[in-house]
Amino acid sequence: MAKHGADEPSSRSGSPDGEDRASEDRLLLHQRLAVQELINTEVSYLHLLHLCASDIRSRLQQLPQGDLDVLFSNIDDIIKVNSRFLHDLQEIASKKEEQVQLVGNLFLEFQEELEQVYKIYCASYDQALLLVETYRKEPELQQHIQGIIKAVVPQAGSSGLSFLLVIPLQRITRYPLLLQKILENTLPDASAYPVLQRAVSALQDVNTNINEYKMRKEVASKYTKVEQLTLRERLARINTHTLSKKTTRLSQLLKQEAGLIPRTEDKEFDDLEERFQWVSLCVTELKNNVAAYLDNLQAFLCFRPHEYNLDIPEGPAVQYCNLARDLQLEAFLKFKQRLEGLVWQPLCSLAKALLGPQNLIKKRLDKLPDFERVEEKLLEVGSVTYEEQAARHTYQALNSLLVAELPQFNQLAMQWLGQILRTFVTLQRDLAKQVLQRAEGSMAQLPHHHVPEPAFRKLVEDTLGRASNQLRSFQETFEKVLPPPTTQPLLPGSERQMQALLSRYGPGKLYQVTSNISGTGTLDLTLPRGQIVALLQNKDTKGNSGRWLVDTGGHRGYVPAGKLQLYHVVPSAEELRRQAGLNEDPRCLTPEPVRAPVPSIPTVNQVIAAYPFVARSSHEVSLQAGQPVTILEAQDKKGNPEWSLVEVNGRRGYVPSGFLARAPSPVLWGWKLPS
């Protein structure tokens, strides 16, 4: 009996229940070790991230800021997310019974955050590697970088930056493996098992989504580049492959237009594209309007009436000049600078930002026929070539990228556009406020500053009305005094030609060319603006009254009737001198609106300027239309009658004789503006 009792525990330890219990203990031990491995590796990983973000990045300040942004990307965001993740992991470690289930739930909770931060880092990883390769081509810079990394992270070895940059990629891809190891050491009937399964699947989806996002970004970076190619460069890119591809796309489109095959419809994308095109149109219109506004503002700033000498020593005119000068040099100039910096430049940046999505949308539409053809072939045959599959993936990547990011882009573009408009309104309000503040002091010194605004408005309208009536009366009086003006002054050296035509055809047949004429037919003439011609016939041989037959004094031909105007002959200087010596009949004088004493006719010739003339040298004198002129000599020193020596406002000089007209009556110097 004693012997049998001694053997009983031994047989119990070898029973199936004992083996199951031992197996469960081993699984539990391995499970806890796997969880501990997750926590320990997370601590080490986060420590390396802190070293990269603080020590290494701060010591690489000699690199351009753009390079640092590419190398370290959004590592700060990764540190924030993983720090919170590690904090929750360490809290879970103290709860032995629910530890595994809590780990699974924690990964499910952080699934979206991990995907968001790591996909951005992974998308810029290839560009960071390109920078590393460029640094290796500069031995001194590479040695400096290696020295910094070796001092901070000795285990990096010769890999240097490449070792550090790849750490986040390795970590996000290792999470599913660590979870799978915990899952393998968890009993299938345990309550934590389905949670861990979902966590493993979720982290695998995270990595899949990151890879798809990275591929979409690569496609986007390829097609968002706007190349400025010449026609020769575009022609050089044409080959049999591109011609075949374009022909296939055209055939696909023609089949769709004919209704032979259905057209792929994507309402979600169509709505997004419509909204994007609307935003793009708004930006383009606003940019054009702001450009026109800036042009008008520049023209306004170029007009500076306060710089002219008004010959008014004091009074409101001086106050206006001071105020206008102050506004011109400070308020308006500062407003223009702020408008360019706060409205125009951001608007140009927004317009430039639209180019990338516009190019992606265009490429998506270009790739759509390829995708439809491949889908059609898949349904018919069941397989496609590698090139066709690549084209299918390219379209899917473009479409997915646009559908995922166009909503956010449209929203940001609208916010950007709204901010630009609000800034523009604010600048206008600030300008008005600043102008009013600066004008307060000057307005208080004006004679009508105490008048209420309605009364002041009526006062201005009445003053402008009286001035308008005076100008109208002056114009009517002036038109009675002056002979009908010619369209143009005579061309240099054409006086003799005009006299020959006048003597041959008479004054009623002379016409002047109002604009340059370029003959297109065999009988058409080419004439410069201002040329004098004589009318021979007011229609051509076909009866067309729009083409007149004229004589230039040397050639005959047809010219457009719309470019001819009747020429009113101006008396020559000799005629003026001869007419000035004749006694005028008082009964023939034209009655004037304002009676003035008629002075005795001077012994020298008194005429008026028929046209304005700007002096080109010190020997000449400037004229204004209607200005009284005294002729001293009807020719120049060489006896040329085309120039006359005159006196105007006490100044003497030569003017073209054709610019002078005889005054019909000495009463002219007695008239004045109506009061």
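Analyst: Welcome! One term first: a contact means heavy atoms within 4.5 Å. This is a predicted model, and its chain holds 20 helices and ten strands.

User: Thanks! Which residues make helix 4 and helix 5 meet?

Analyst: From helix 4 come Phe85, Asp88, Leu89 and Ile92, and they touch Gln99, Leu102, Val103, Leu106 and Phe107 of helix 5. Sorted by class, the contact of helix 4 with helix 5 counts seven nonpolar residues, one polar and one charged. Asp88 is the charged one, because Asp belongs to the charged class. Gln99 is polar, because Gln is among neither the nonpolar nor the charged residues.

User: How do the axes of helix 4 and helix 5 lie, and what would you call that arrangement?

Analyst: Helix 4 (residues 75–92) and helix 5 (residues 99–109) have axes that come within 10 Å and cross at roughly 165°. Angles over 145 degrees count as roughly antiparallel, so helix 4 is roughly antiparallel to helix 5. Their crossing is right-handed.

User: What about helix 3 and helix 7: what angle do their axes make?

Analyst: The axes of helix 3 (residues 65–72) and helix 7 (residues 125–136) cross at roughly 125° and come within 8 Å. That angle is neither over 145 degrees nor between 65 and 115, nor under 35, so helix 3 and helix 7 are oblique to each other. The crossing of helix 3 and helix 7 is left-handed.

User: Which residues are in that contact of helix 3 and helix 7?

Analyst: Helix 3 brings Asp67, Val70 and Leu71, while helix 7 brings Gln127, Ala128, Leu131, Val132 and Tyr135. Six of the residues in this contact are nonpolar, one is polar and one is charged. Asp67, Val70 and Leu71 are also buried, as are Leu68 and Phe72 of helix 3. Just after helix 3 comes Ser73, with a positive phi near 45°.

User: What makes Leu401 buried or exposed?

Analyst: Buried means under 20% relative accessible area, and Leu401 has 4%, so Leu401 counts as buried. Leu401 sits in helix 17 (residues 386–445). Between Leu401 and Lys217 there are 7.8 Å in space, C-alpha to C-alpha, although they are 184 residues apart in sequence. Across the chain, buried residues make up 36% of the 675 residues.

User: How do you know how much of the chain's contacts link residues distant in sequence?

Analyst: The contacts with a separation of 6 or more are the ones counted, and residues 24 or more positions apart account for 68% of them.

User: Now the sheets. What is the order of strands in the sheet that includes strand 4?

Analyst: The order is 4-3-2-1-5, in an open sheet of five strands with antiparallel pairing. Strand 4 (556–560) and strand 5 (564–566) are its edge strands, each pairing on one side only. From one strand to the next, the twist averages 50°.

User: How do you know that strand 3 and strand 4 pair?

Analyst: Two strands pair if there are at least two bridges between them, and strand 3 (residues 547–551) and strand 4 are joined by five, so they count as a pair. These two strands run antiparallel. One facing position is Arg547, which stands opposite Pro560 of strand 4. Helix 19 (residues 495–505) lies across strand 1 (510–513), strand 2 (532–537), strand 3 and strand 4, at about 25° to strand 2.

User: What is the order of strands in the sheet that includes strand 9?

Analyst: That open sheet has five strands in the order 9-8-7-6-10, with antiparallel pairing. Strand 9 (651–656) and strand 10 (660–662) are at the edges: each has a single partner strand, so one side of each has no neighbour in the sheet. The twist averages 50° from one strand to the next.

User: What makes strand 8 a partner of strand 7 and of strand 9?

Analyst: Pairing needs at least two bridges, and strand 8 (residues 643–648) has six with strand 9 and three with strand 7 (residues 628–633), so both pairings count. Ser644 has Val655 in strand 9 as its bridge partner, and Thr630 is partnered by Glu647 in strand 8. Two residues lie between the strands in the hairpin of strand 8 and strand 9, where Asn649 takes a positive phi near 55°.

Technical notes
Residues numbered from 1 in each chain as written. Predicted model: local features only at pLDDT ≥ 70, side-chain atom pairs only at ≥ 80, totals over all residues. Heavy atoms only, no water. Axes fitted to C-alpha atoms, helices over the stretch in contact; angles between N-to-C directions. Helix = DSSP H or I, 4+ residues; strand = E, 2+ residues; numbered from the N terminus. Left-handed = near helix turned anticlockwise from the far one by under 90°. Buried < 20%, exposed > 50% of the residue type's maximum accessible area, 1.4 Å probe, protein only.
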